[in-house]
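Please have the sequence and the model open side by side. This report goes through a few local features in turn.

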Amino acid sequence: MTQSLSATGLPPAFPDHTQLPESDGTFVKNFQEHPQSILLTDSLESTLQTLHPDGQYAIGQDSGIYWRETDPPEKGAEAPDWFYVPNVPPMLDGEIRRSYVIWREYMVPIIAIEFASGNGSEERDNTPLSRLPEGTTQKPGKFWVYEQIIRIPYYAIYVIKTSQLEVYNWVNACYCRLEPNDRGHYPIDRMGIELGVWEGSYQNQTQRWLRWWDNEGNLLLTGSEQARLECLYAEQERQRAEAESQRADRAEQTQKDAIPQLLAMGLTVEQVAQALSLSVEEVQRLG
């Protein structure tokens, strides 16, 4: 007689996204990481609205991507500093996402970005997952996980100290390092944009930042930058309208001064109107 397996013999159910750790438990290593993530997300809003008019996409910032079941769960996760997943709901069952579990949602992130506080060796770690002779599992490097398991199409490493940017594209089952284009940017073809390094001030820090450009080389602006640009346009339009009004006033005054002189020469009202490109009524009003 076959003995049934008791409930206590089953492995516990894998936690859902509200129960999983949202990050890998390490501290953010420098004060630029959070502003950098916000800058990337904020300036991409209009592009994402075009790509996803239905709003079906998710942006992760230092949040866990779970790629295998482990105990504890976070050993089976990597937490990119920034990543974008297309065609998934921004919330799950009405709750804010806490993590992303690959085998439950299937959609792979298009791009993952790591901000390296050191020299980038941790982000380039290609150590494979394997079992050691003593029976323990060797922790794989994140480069290997992104390339061999998750297979994220674009992987970028930004070494903050040197402003060095490396971008890899998944081709033929492995990552190939890309070369920048003539503008010094890296095209992210599946999004129709480019990634590069920009020097300027953001959130009270003047640094070299990762930024997006469109495929024609135009910088994608944040909401505050767009607002400042619109204010500048409005001020320029106001000044243009004011200058145009002043020119019109001067032209009218010139015509007004000319009318009595022309009438004194013996020209009829009709002749004066024709000479000054005015109507008879305007000549009579101004004269």
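Leaving aside its neighbours within four places in sequence, which residues is Q32 in contact with? They are I160, Q205, Q207, R208 and W209. The model is a predicted one, and every value below is computed from it.

**Q32 and its surroundings**

Q32 sits in the segment before α1. Its relative accessibility is 5%, under the 20% cut-off, so Q32 counts as buried. The Q32 side chain reaches the backbone oxygen of R208 at 3.4 Å. R208 also has a partner of its own: it forms a salt bridge with E199.

**The sheet**

Six strands make up an open sheet, and their pairing is mixed. Read across, the order is β1-β4-β8-β11-β12-β13. β1 (57–60) and β13 (174–177) are the edge strands, each pairing on one side only. From one strand to the next, the twist averages 20°.

Strands β4 (residues 82–86) and β8 (residues 111–116) run antiparallel and are joined by three bridges. Take Y84: its bridge partner in β8 is I111.

Two helices pack on this sheet. Helix α1 (residues 33–43) touches β1, β4, β8 and β11 (154–159). The direction of α1 makes about 150° with that of β8. Helix α4 (residues 142–150) touches β8, β11, β12 (164–171) and β13. For α4, the angle with the direction of β13 is about 115°.

**Helix α5**

How far apart are the end C-alpha atoms of helix α5? They are 62 Å apart. The helix has 42 residues (223–264), and at 1.5 Å a residue it should span 62 Å, so the two values agree.

Within α5, the residues E225, I259 and L262 are buried. The elements that cover the buried residues of α5 include β15 (193–202), β16 (205–214), α6 (269–275) and α7 (280–286). Just after the helix, G266 takes a positive phi of about 100°.

**Salt bridges**

The count of salt bridges comes to eleven. Among them are these three pairs:

| Pair | Closest N to O | Relative accessible area |
|---|---|---|
| E166 and R124 | 2.7 Å | E166 2%, R124 28% |
| R208 and E199 | 3.5 Å | R208 36%, E199 55% |
| E242 and R238 | 3.1 Å | E242 42%, R238 42% |

The E166 and R124 pair links distant parts of the chain, 42 residues apart. E166 is in strand β12, while R124 is in the loop between β8 and β9 (130–131). Is E166 buried or exposed? With a relative accessible area of 2%, E166 is buried. R124, at 28%, is partly exposed.

In the R208 and E199 pair, R208 is partly exposed at 36%. E199 has 55% relative accessibility, over the 50% cut-off, so it counts as exposed.

E242 and R238 both lie in helix α5, four residues apart, which is about one turn of the helix. An α-helix has 3.6 residues a turn, so residues three or four places apart point the same way. Both side chains belong to partly exposed residues: E242 has a relative accessible area of 42%, and R238 is also given as 42%. Which residues do salt bridges with shared partners join into one network here? They are E235, R238 and E242.

Conventions
Residues are numbered from 1 along each chain as its sequence is written. This is a predicted model: local features need pLDDT of at least 70, side-chain atom pairs count only at pLDDT 80 or more; totals for chains, interfaces and linings use all residues. Side-chain values use heavy atoms; hydrogens and water are left out. The expected span of a helix is 1.5 Å times one less than its number of residues. Buried means under 20% relative accessible area, exposed over 50%, partly exposed in between (1.4 Å probe, protein chains only). Contact means heavy atoms within 4.5 Å. Two strands pair if DSSP finds at least two bridges between them. Axes are lines fitted to C-alpha atoms, for helices over the stretch in contact, and angles run from 0 to 180 degrees between N-to-C directions. A polar contact is a pair of N or O atoms within 3.5 Å; within protein, one must be able to donate a hydrogen and the other to accept it, and residues adjacent in sequence count only if both atoms are side-chain atoms. A salt bridge is a side-chain nitrogen of Lys or Arg within 4 Å of a carboxyl oxygen of Asp or Glu.
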